[in-house]
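Hi,

Here is the structure I promised to pass on. Have a look at it first, and my notes on what turned up are underneath.

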Amino acid sequence: MSKSENSGPNASSEYYFDVVPIEEAVRIVRSISHQTGTETIPIDDGDGRTLSEPVVALTDIPGFERSWRDGYAVITDDIHSASESSPINLSCLGAVRMGTPSDLTVTPGTCMYIPTGGQIPAGADAVVMVEYTERLGNTILIKKPTIVGENIIRRDEDFKASDLIYPVGWILRPQDIGVLASIGKTQITVRKKPVIGIISTGVELVPAEAIPRPGEVREVNSYLITVFSRRQGAIPVRYGIIRDNPDELRETISRATRECDAVVVSGGSSKDRNDITAKTIGELGEVFVHGISIAPGKPTIIGKIQDVPVIGLPGHPASTFMVLSLVVIHLLQALKGSPCQKTYKQKIRMATSVQSEQGREHYLRVRIEGDYATPVLGKSGLMNTLAWSDGIIRIPAGDEGYEAGDEVEVMLW
């Protein structure tokens, strides 16, 4: 679709900055994303994958009453007056064996030894921890009273039959795999990993393994985007370096949109009206955003060709990583059908005062040292701001910044 044919309600009619707040950029990214197909995989391969079906408990878990302490299964009425100075004597019937229900019944005046995880024998309604007992042959001295249900896990205390355990869109973690195994769910249906095309642009770029001549720089962003995409559960495909050749860029973007679920173009997203990336996206499809009200990362493009989202990122790696963390992450999650993106955050105090640019949100890289966050200052083109930072803090538009000692929230890389 050509620029004049753009029909999206937010499509830009010119290829230069018309900045939007980051919340609007995220909304647009999610609204233009399609969901990938599904596949069924063993849970061993499920870490980081996104569920395309709900996971429901089919039976009560654990399915029987069991002890969660080493001790003695008792009847609470027998020992309501037990104390250190006046213990209650009970006759021990034997011991509960792990994995086997006991064929004995606890009756008034009796008890049974039970290990952690053992099935509660018939007749017993509580477990006294072994620390509050003393054994004299087959006689057990109980030195502490209990209440009904004490130290017992109910048959449905973990999950009740028909409980929703994980909803559609849940991103599986290692601990979730253990939960799935516990309910007998060894095969899961998940979203296919989205394929992300990565294109780098710039006449100054040379391959990372090359020795740059004066005026040249090593191409960094494709590696950065590749690893970021993999960590978010996507499959990156690199299409190489385009040296600001409009025909070559057009051909490469066209190919990438045919082969991928989304395309990320690094570089070529300046405020120039002749912006090659925005112009190419607009000629092939639609440009919805050309500029986000954040610093760094303002020159970001959001568009779509056919049904494939195309994102244009700033050329500087530090700015690129910022936009990946704040915007592109939502694209990747939306493609996988995840409703939201969980981030690791930490509340901490500022070590020094920082000021912000007025009028737009500012994101500042910080290093965590002990109980304080220290700003990592530097121009967006410098790589050391990435190497030395642990995360970012947000300074809202209109705020002047933070004072030393102010509590802030750090979004960890």
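**Around S325**

Let's start with S325, which touches F228, M411 and W413, leaving aside residues up to four places away in sequence. S325 sits in helix α6, which covers residues 317-335. Its relative accessible area is 8%, so S325 is buried. The side chain of S325 also reaches the backbone oxygen of F321, at 2.9 Å. Please keep in mind that this is a predicted model.

**How far to trust it**

The mean pLDDT of the chain is 89, and 91% of its residues reach 70 or more. The stretch to be careful with is residues 1-16, where the pLDDT is below 50. That stretch does have 46 contacts in the model beyond near neighbours in sequence. Still, where pLDDT is low, the predicted coordinates should not be read in detail.

**Domains**

The domain assignment splits the chain into domain 1 (4-37 + 192-335), domain 2 (40-61 + 168-191), domain 3 (66-153) and domain 4 (345-412). Between the C-alpha centres of domain 1 and domain 3 there are 66 Å.

**The nonpolar cores**

The largest nonpolar core has 38 residues, and the members that touch the most others are I22, I196, I302, L313, L324 and L326. Two or more residues come from each of α1 (22-31), β13 (195-201), α3 (221-231), β17 (262-266), β18 (286-290), β21 (308-313) and α6. Which element gives the most to this core? That would be α6, with 12 residues. The core also draws at least three residues from each of domain 1 and domain 4. This fits the general pattern that nonpolar side chains tend to be buried together in soluble globular proteins.

I196 is a good residue to click on in your viewer. Leaving out residues up to four places away in sequence, I196 has contacts that include S229, A234, I235, P236, V237 and C260. Further partners of I196 are A262, V264, L332 and L335. Apart from the largest core lies another one of 18 residues, among them C260, A278, I281 and V308.

**Aromatic pairs**

How many aromatic pairs does a search of the whole structure find? There are 3. One of them is Y72 with Y113, an edge-to-face pair at 5.6 Å centre to centre with 75° between the planes. This pair links distant parts of the chain, with Y72 in strand β4 (residues 71-74) and Y113 in strand β6 (residues 110-114), 41 residues apart. Are the two rings' residues buried or exposed? Y72 counts as buried at 5% relative accessibility, while Y113 is partly exposed, with a relative accessible area of 26%.

F228 and F321 bring us back to the surroundings of S325. Their ring centres are 6.1 Å apart and the planes stand at 90°, so this pair is edge-to-face. Because F228 lies in helix α3 and F321 in helix α6, the pair ties together parts that are 93 residues apart in sequence. F228 counts as buried at 10% relative accessibility, and F321 is buried with a relative accessible area of 15%.

**Helix α3**

Besides F228, the buried residues of α3 are N221, S222, L224, I225, T226 and S229. The buried residues of α3 pack against β13, β16 (235-242), β17, β21 and α6. Just after this helix, G233 takes a positive phi of about 85°.

Cheers

Methods: Residues numbered from 1 in each chain as written. Predicted model: local features only at pLDDT ≥ 70, side-chain atom pairs only at ≥ 80, totals over all residues. Heavy atoms only, no water. Helix = DSSP H or I, 4+ residues; strand = E, 2+ residues; numbered from the N terminus. Buried < 20%, exposed > 50% of the residue type's maximum accessible area, 1.4 Å probe, protein only. Polar contact = N/O pair within 3.5 Å; in protein donor to acceptor, adjacent residues only side chain to side chain. Contact = heavy atoms within 4.5 Å. Core = buried A, V, L, I, M, F, W, Y, C linked by side-chain atoms within 4.5 Å. Domains from an automatic or database assignment. pLDDT = per-residue confidence, 0-100. Phe/Tyr/Trp six-rings, centres within 6.5 Å; stacked < 30°, edge-to-face > 60°.
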